[in-house]
Amino acid sequence: MSVPNLPEKTKVCIIGGGPAGVIAAYLFALRGVSVVLLEGKPDFDREFRGDTLHASSLEILDQLGLADEVLQQANSKVQNLSFTFPDRVITMADFSAMDCKFPYVAIIPQEKFLNYIVEKTKQLSGFHILMGAQVRELREVNVKVTGVKYTFEGDEYALDADLTIGADGRGSTARRLAKIELGKTSPPMDVIWFKLPIPAGSDLKEAVSGRIGSGTMIIIINRKEYLQVGYVIMKGGYKALREEGVEHFHNVIKGLAPELGDSVTTIKDWSEMAILSVVTGRVEQWYKDGLLLIGDAAHIMSPVGGVGINYAIQDAVAAVNQLADPIKQDRLSTTDLAGVQKRREPAVAFIQKFQSFVQQRIISDALKSDKPFEPPLPMKLISKIPFIRKRLARFLAYGTRHEHVEGL
Ligand SMILES: Cc1cc2nc3c(=O)[nH]c(=O)nc-3n(C[C@H](O)[C@H](O)[C@H](O)COP(=O)(O)OP(=O)(O)OC[C@H]3O[C@@H](n4cnc5c(N)ncnc54)[C@H](O)[C@@H]3O)c2cc1C
């Protein structure tokens, strides 16, 4: 049985409509490969998962002729990545110095970005999307994945596919069902996320800014209608913080970022905050016969550097570049799937090492300190040398491998 207007068989079935899934769907459809995208949620209005599109992703969209329209949805453009300490401001990455078409990070609400790409994909033939479709099972014949079983409005349906792509994020069902092990690490931090109204007369000039105090740290993201604030704590520190009470929490935040004024007192209860246990990790093998994992399903990204969306998009581009022809010609093999991992894994491993360094050597040290945190020497040096600030910006924007769409 299949849902009306949805085929029972497709070349590619994509599980999950995050950045990896929607870009892969768009590119497969563009290459004339039939594709069904199954998204578990009824809409794209998701919990905050970051809004940052770096130059690498914008260049891919530009290649597709979509960058101008996507940028019209941008809340702002971030020129540099700075941290404010009690006695100084340190700029770590200077995106504006990059010699490229998009010398900034565009801040675009994911909901708008995902909706836009899906609407564009709907204009291509051979594309189907089902929102609210939860994949529950992988179909297998002789250990080859041949599609999925999913539930939609309480009923169960099946879909056959030559290739199933698990783009279903950090808690990937595809990964679990395929029994692909995730090598996890637990960075020494958790983040408490909450929203605040923008204080009247606020002079929060930067779209994204960080504040580091004595054993405390916050990230403030100006989302135009409100502020998204991440309060970074030592892993496991949430219980002790709660025991101190909401009023104490207000005082901590006011101490760290006085410019937020009394807006923090709009938080009346812990239920208005979401605790994110920061986990990172990578699977050893991104594929098995008939199945490929991409994006966070293959490698959970830490929020450090705001690059996870971009790595998910690059994975999607690499996957379609590598797989579109073999799929069209009915000659897809596990060697092709292995080729995607081979291409993407070194870049992912490198940025994860960098994130881990920042987590262990800067964030963790800052959180352990009970005195005003003295920026470590490398941080001070970077802030003083424009060339290094530009190199760091380029590294965050492009990583060690930048994908381009092929076969257009
Ligand atoms: C709090 C937080 C802040 C972040 N901030 C940033 C940032 O500023 N910049 C940045 O670049 N990255 C950030 N990241 C990381 C970024 O969100 C991820 O790296 C990125 O979203 C990964 O994209 P994806 O497409 O692989 O997966 P996701 O974006 O997680 O998408 C997976 C999709 O799969 C769907 N799904 C899951 N299970 C099923 C199922 N069984 N059936 C059907 N559908 C399913 C989900 O509903 C979801 O839509 C942040 C992450 C977190 C947690």
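Two strands are taken to pair if DSSP finds at least two bridges between them. In the predicted model examined here, this criterion is met by strands β3 and β7 (residues 105–107), which pair in the antiparallel sense over two bridges. Within this pairing, T52 stands opposite I107 of β7. Both strands belong to an open sheet of three strands, arranged in the order β3-β7-β4 with antiparallel pairing. The edges of this sheet are formed by β3 (52–53) and β4 (76–78), each of which pairs on one side only.

The overall architecture of the chain was considered next. Its secondary structure amounts to 11 helices and 21 strands. The radius of gyration of the chain is 22 Å, which agrees with the value near 22 Å that a compact globule of 408 residues would have. The C-alpha trace spans about 65 × 45 × 35 Å along its principal axes. Of the 408 residues, 55% count as buried. Contacts between residues at least 6 apart in sequence were also examined; 74% of these join residues at least 24 apart.

With respect to surface and charge, the chain exposes about 17800 Å², of which carbon and sulfur atoms supply 49%. The side chains include 49 positive and 48 negative groups, and the centres of the two sets lie 5 Å apart.

Strands of a sheet pair through backbone hydrogen bonds, in either a parallel or an antiparallel sense. Both senses are represented among the partners of strand β11 (residues 155–166). Strand β1 (residues 9–15) runs parallel to β11 and is joined to it by six bridges, with T10 opposite A161 of β11. Strand β20 (residues 291–293) is likewise parallel to β11, the two being joined by three bridges; here I165 has L292 of β20 as its bridge partner. By contrast, β10 and β11 run antiparallel and are joined by six bridges. In that pairing, the bridge partner of T151 is E156 in β11.

The connection between β10 and β11 is a hairpin with two residues between the strands, and E153 in the turn has a positive phi of about 50°. Strand β10 (residues 144–152) also pairs with strand β9 (residues 133–141), in the antiparallel sense and over eight bridges. One of the opposed pairs in this ladder consists of R139 and G147, the latter in β10. The hairpin of β9 and β10 likewise has two residues between its strands, and N142 takes a positive phi near 45° there.

Most residues other than glycine have a negative phi. N142, a residue other than glycine, departs from this pattern with its positive phi. Its place is in the loop between β9 and β10, and N142 counts as exposed because its relative accessibility is 72%, above the 50% cut-off for that class.

A further hairpin, formed by β15 and β16, has four residues between the strands and includes K224, with a positive phi near 70°. K224 is not a glycine. The residue lies in the loop between β15 (217–222) and β16 (227–234). With a relative accessible area of 53%, K224 is exposed. The strands flanking this loop run antiparallel and are joined by six bridges, and the bridge partner of N222 is L227 in β16.

Whereas K224 in the adjoining loop is exposed, β16 is mostly covered, seven of its eight residues being buried. In addition to β15, strand β16 pairs with strand β13 (residues 189–196), in the antiparallel sense and over eight bridges. In this second pairing, V191 stands opposite V232 of β16.

Among the helical residues, E111 was examined individually. This residue is found in helix α4 (residues 110–122). E111 is partly exposed, since its relative accessible area is 35%, a value that falls between the cut-offs of 20% for buried and 50% for exposed residues. When neighbours within four places in sequence are left aside, E111 is in contact with F44 and D45. The C-alpha atoms of E111 and P386, residues that are 275 positions apart in sequence, are 35 Å apart in space.

Definitions and conventions: Residues are numbered from 1 along each chain as its sequence is written. This is a predicted model: local features need pLDDT of at least 70, side-chain atom pairs count only at pLDDT 80 or more; totals for chains, interfaces and linings use all residues. Side-chain values use heavy atoms; hydrogens and water are left out. Buried means under 20% relative accessible area, exposed over 50%, partly exposed in between (1.4 Å probe, protein chains only). Contact means heavy atoms within 4.5 Å. The radius of gyration is taken over C-alpha atoms; the globule rule is 2.2 Å times the number of residues to the power 0.38. Accessible areas come from the Shrake-Rupley method with a 1.4 Å probe; for residues, only the protein chains shown count as cover. Lys and Arg count as positive and Asp and Glu as negative; His and the chain ends are not counted. The place of a charge is taken as NZ of Lys, CZ of Arg, CG of Asp or CD of Glu.
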